Amino acid sequence: MADVQKLLDSPTTVFVSNIAGEVTEDNLKAMFNFCGTVKKLQLGTDAVARCKTAIIEFESEEGAEASLPLNGTPLLGKALQVLQAKAAEEAMKLRRRRRQLQG
């Protein structure tokens, strides 16, 4: 868990959501390598949103920053949501808190 938190806090990491189920790790690497060298890519599934998510770590902050304009880019029929990992983490915490308050 500490490793994941360290990765999410890093300015070289972005969080990608709204990924179509058919998208593979290779699809994402090919797309994001144009922004900078991808050091690490973790692809997972968001059971609530019924789509895939990814945490992508770049070799440099410049690579992460260069990937942010990909936000809204369609990939296999779904518009990707690309955020700095720290911002995405804060947004998810806020959503969880709202759900708790709504009961």
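**Close-up views of a predicted model**

**View 1. N18, a strand residue with positive phi.** With a relative accessibility of 22%, N18 falls in the partly exposed class. This is a predicted model, so the angles and distances in these legends are computed ones. The backbone is what to look at here: phi of N18 sits near 60 degrees, a positive value in a residue that isn't glycine. N18 belongs to strand β1, which covers residues 13-19. As for the class, the cut-off for buried is under 20%, so N18 at 22% misses it and counts as partly exposed.

**View 2. L76, a loop residue with positive phi.** Here's another non-glycine residue with a positive phi, this time about 50 degrees at L76. Look for L76 in the loop that joins β4 (74-75) to β5 (78-79). Is L76 buried or exposed? L76 is exposed, with 51% relative accessible area; the class starts at values over 50%.

**View 3. E25 and K29, a salt bridge within helix α2.** The structure has two salt bridges, and this view takes in the one between the side chains of E25 and K29, at 3.7 Å from N to O. Both residues sit in α2 (residues 25-32), and because they are four residues apart, about one helical turn separates E25 from K29. Each end of the pair is partly exposed: E25 has a relative accessible area of 34%, and K29 has 31%.

**View 4. E57 and K39, a salt bridge between two strands.** In this pair, the closest N and O atoms of E57 and K39 are 3.9 Å apart. The bridge ties together distant parts of the chain, 18 residues apart, with E57 in β3 (residues 51-58) and K39 in β2 (residues 38-46). How do the partners fare for accessibility, buried or exposed? E57 is buried at 14%, whereas K39 is exposed at 53%. Side chains of opposite charge can pair when their charged atoms come close.

**View 5. The open four-stranded sheet.** Read across the sheet and the strands come in the order β2-β3-β1-β6, paired antiparallel. Which strands stand at the edges? They are β2 and β6 (81-84); each has a single partner strand, so one side of each has no neighbour in the sheet. Ignoring direction, neighbouring strands of this sheet are turned against each other by 20 degrees on average. For a bit of context, strands of a sheet pair through backbone hydrogen bonds, parallel or antiparallel.

**View 6. β1 next to β6.** Zoom in on this antiparallel pair and you can follow four bridges between β1 and β6. One to pick out starts at S17, whose bridge partner in β6 is Q81.

**View 7. Helix α2 across the strands.** What does α2 lie across? The strands in question are β1, β2, β3 and β6, and α2 runs at about 135 degrees to β2. This is the helix that holds the E25 and K29 pair.

**View 8. Stepping back to the whole chain.** Four helices and six strands make up the secondary structure of the protein chain, and from the N terminus they run α-β-α-β-β-α-β-β-β-α. Of the 103 residues, 36% are buried. Among contacts with a separation of 6 or more, 64% are between residues 24 or more positions apart. The chain exposes about 6,400 Å², of which carbon and sulfur atoms supply 52%.

Notes: Residues are numbered from 1 along each chain as its sequence is written. This is a predicted model: local features need pLDDT of at least 70, side-chain atom pairs count only at pLDDT 80 or more; totals for chains, interfaces and linings use all residues. Side-chain values use heavy atoms; hydrogens and water are left out. Buried means under 20% relative accessible area, exposed over 50%, partly exposed in between (1.4 Å probe, protein chains only). A salt bridge is a side-chain nitrogen of Lys or Arg within 4 Å of a carboxyl oxygen of Asp or Glu. Two strands pair if DSSP finds at least two bridges between them. Axes are lines fitted to C-alpha atoms, for helices over the stretch in contact, and angles run from 0 to 180 degrees between N-to-C directions. Contact means heavy atoms within 4.5 Å. Accessible areas come from the Shrake-Rupley method with a 1.4 Å probe; for residues, only the protein chains shown count as cover.
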